[in-house]
Each structure stands twice: as structure tokens, then as C-alpha cells.
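With the structure open in your viewer, please follow this tour from one selection to the next, pausing at each stop before moving on.

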Amino acid sequence: EAVCKCRVLDRTGLILDIFAQRARTHEGKLQVELAQLRHISTRLVRGWTHLERQKGGIGLRGPGETQLETDRRLIRGRIKNILKRLEKVQKQREQGRRARKKADIPTVSLVGYTNAGKSTLFNRLTEAGVYAADQLFATLDPTLRKLAVEDIGDVILADTVGFIRHLPHDLVAAFKATLQETQEADLLLHVVDVSDEQQQNNMDQVAEVLEEIDAGDVPQLIICNKIDQVDGAEPRIDYDDNEKPIRVWVSAQQGLGIEHVLEALRQILGPQMVELSLKIPHSMGKLRGTLYRWNCVTSEDVNKNGELALQVRMSSVDWQRLHKAYGNQLDDLVIPE
């Protein structure tokens, strides 16, 4: 700084600087400030020698408190304050997650290296209008939206902060509340920029960070993004030997292959489906109402006895729920094939 006559930043300082510019929500700003304070606290130097002894004098023991010690004490106090406020945010998020689990709504989290196109894909899938730009760390605050998937119903899609190699530990700790969306997810959509020469390195780095935040065991689906910048790449789904989707090729910017992402989600998250015909007497109108509310009736007719004949398609989980409510009575209503 003395030689260049300008501010000099190390790598972590630069990342924190970018984060500070991108933070939009109150929570995001708190998280960035926490990371900055933790970073600064280990690098404090004495700024003013004339303030070497701030406190002390007659009636007080010891030589007093130096400027350095005062700074450290103030930073410790501020960190404590921020942690308390972030704890409140974490409790609110935890409450939301519990409610989603209770309602049996699957959560899908977008992860990937910074600038891989996560927010653009998020906007394509949910029409959310989240800020997306060709820059590092455009997203700092997690955004959650509902996404309707055939045979599954509502799925919660979460857009999260992008990763970078050698992500500072202070940063990982500060964004704990945000990264918890990733830990608690049922499926991770790992977005990869296939036009980047460093794509394998970037994928390894993301895997490393996921291990660090205890999300390494969460099932993953690789989303190969930006195929419009790669010659000969077509939108498609790649399957493993068990016919399970493992990779989807898309261009979120151009809107290519988005339907393949939804189809892969349906195949991975979709439970075993039950299709059958039920004859429902007029006395059981409540059951008919339940089936319509669950959106599982495909057709309805009246048979010659005046009973309702319903064609239904539902998940095996929902069928078990019905069975619990109606018991063996339900089996008597099934029309044999």
C-alpha cells in the first residue's frame, strides 16, 4: 500500500468486498458483516500510537486498555450481536423447513460454482424474476419458490449462494443459515457451466464444499448448463444403468431443455403411482371430495346402479393414507380390472 499508494486486498478480502456489494437483504448484509469482522479480528494492527493507552489512570488498576484491545473488544461485541440476530433468522428458517416436512413437500436445492447459471435456471423454472447476472456471487440470499411437477405436485426450489475454490472458512460459517437449505434438501441440482474449461475442477470444488457443510450424502442431479456455447450439444437426459436420470443438458439462458429438467425431477422424486377404479356410493361423498382435493381423479362416470365410478391415479403414499382413514372398507370399493 505504501508503494502503490492505493488499497491492497488479499483474496479473502476481495471475495468479502464483492459479497458486501452484492448483499441485498437484511440477513445477507448481516452474514457478510459477520464474515468481515471475523476476518478483520485476526488482522488488527495498531493504528494510532498516541492512543496507546485508552483507559486507565487514577483509581483504575493496571496500565489500562490499548487502542488494539479496544478495537478487539468492540469487534467481539458486534460479532456477538450479529450471531444473536442470525440465530433468530435460523429459527425462522427451521420453522419453515419443519412445516414443509410436515406437509410432505420435497425440497430441491440449486448448487454449483459461482456464475454457473443457477439463478437463470431458477428463473426459467419458477418465473421468479430473481436477480441474475454474468458476475461472481450475483446471488447471496437464498430464494425459495414453489414449482409444480407432474405426478408429484408442489416442490420447493431453493436458489443458493455460489461456491468458489478455497472458500474462506469464515464465509462458510457466516452463511450457515443459508447453506442449511442445501443440507436439508431432498435433492441437489448441481449446475455446471459446460462451456468452462475448468468445469471438472469447479465440480470437485463444489463437492469439497458440500462435504464441508455435511451435504455430501444428499442425492445429486447434474445440470449441464450453457450448451448453447458448446458445439453439437443438444438438450437431453442421460441415464445410468438402472434407468435413473443422472445428467440433464440445458441452456437456461435460451430456455433449451427446461422440460427435461422437470421430467428428470418427476422420475427421481416421483413415488410409485397407483392407478385403479373405485365405485363410490352416494353416502361416501366425503371420500369423493378428498380425491378431488388431492387432484387424483382422471375420470368419473355413473354406473347402472347409480353409483359413481371414479378412475383415480395417486401415489402409493396417498393410497396408504386413504387406507388408514377408511380401512378395509376401501378395498370393497375397488372395481377389479
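**Salt bridges and secondary structure, stop by stop**

Select R78 to begin: in this predicted model, R78 is partly exposed, because its relative accessible area is 29%. Add E33 to the selection, and the two side chains are seen to meet in a salt bridge, with 2.7 Å from N to O. This pair links distant parts of the chain, since R78 belongs to helix α3 (residues 67-102) and E33 to helix α2, 45 residues apart. E33 is likewise partly exposed, with a relative accessible area of 24%.

Next, display the whole of α2 (residues 26-41), whose end C-alpha atoms lie 22 Å apart, in agreement with the 22 Å that its 16 residues should span at 1.5 Å a residue. Colouring its buried residues will pick out, among them, L30, L34 and L37.

Then move to R313 and E275, whose side chains form a salt bridge at 3.3 Å, N to O. Here R313 sits in strand β10 (residues 308-315) and E275 in strand β8 (residues 273-280), 38 residues apart. R313 counts as partly exposed at 28% relative accessibility, whereas E275, at 59%, counts as exposed.

Finally, select strands β6 (residues 236-239) and β7 (residues 245-249), which run antiparallel and are joined by four bridges. I237 has V248 in β7 as its bridge partner, and in the turn of this hairpin, which has five residues between the strands, E243 has a positive phi of about 60°. Showing the side chains of R236, D238 and R247 reveals a network of salt bridges linking them.

Terms used. Residues numbered from 1 in each chain as written. Predicted model: local features only at pLDDT ≥ 70, side-chain atom pairs only at ≥ 80, totals over all residues. Heavy atoms only, no water. Pairing = 2+ DSSP bridges. Helix = DSSP H or I, 4+ residues; strand = E, 2+ residues; numbered from the N terminus. Expected span 1.5 Å × (residues − 1). Buried < 20%, exposed > 50% of the residue type's maximum accessible area, 1.4 Å probe, protein only. Salt bridge = Lys/Arg side-chain N within 4 Å of Asp/Glu carboxyl O.
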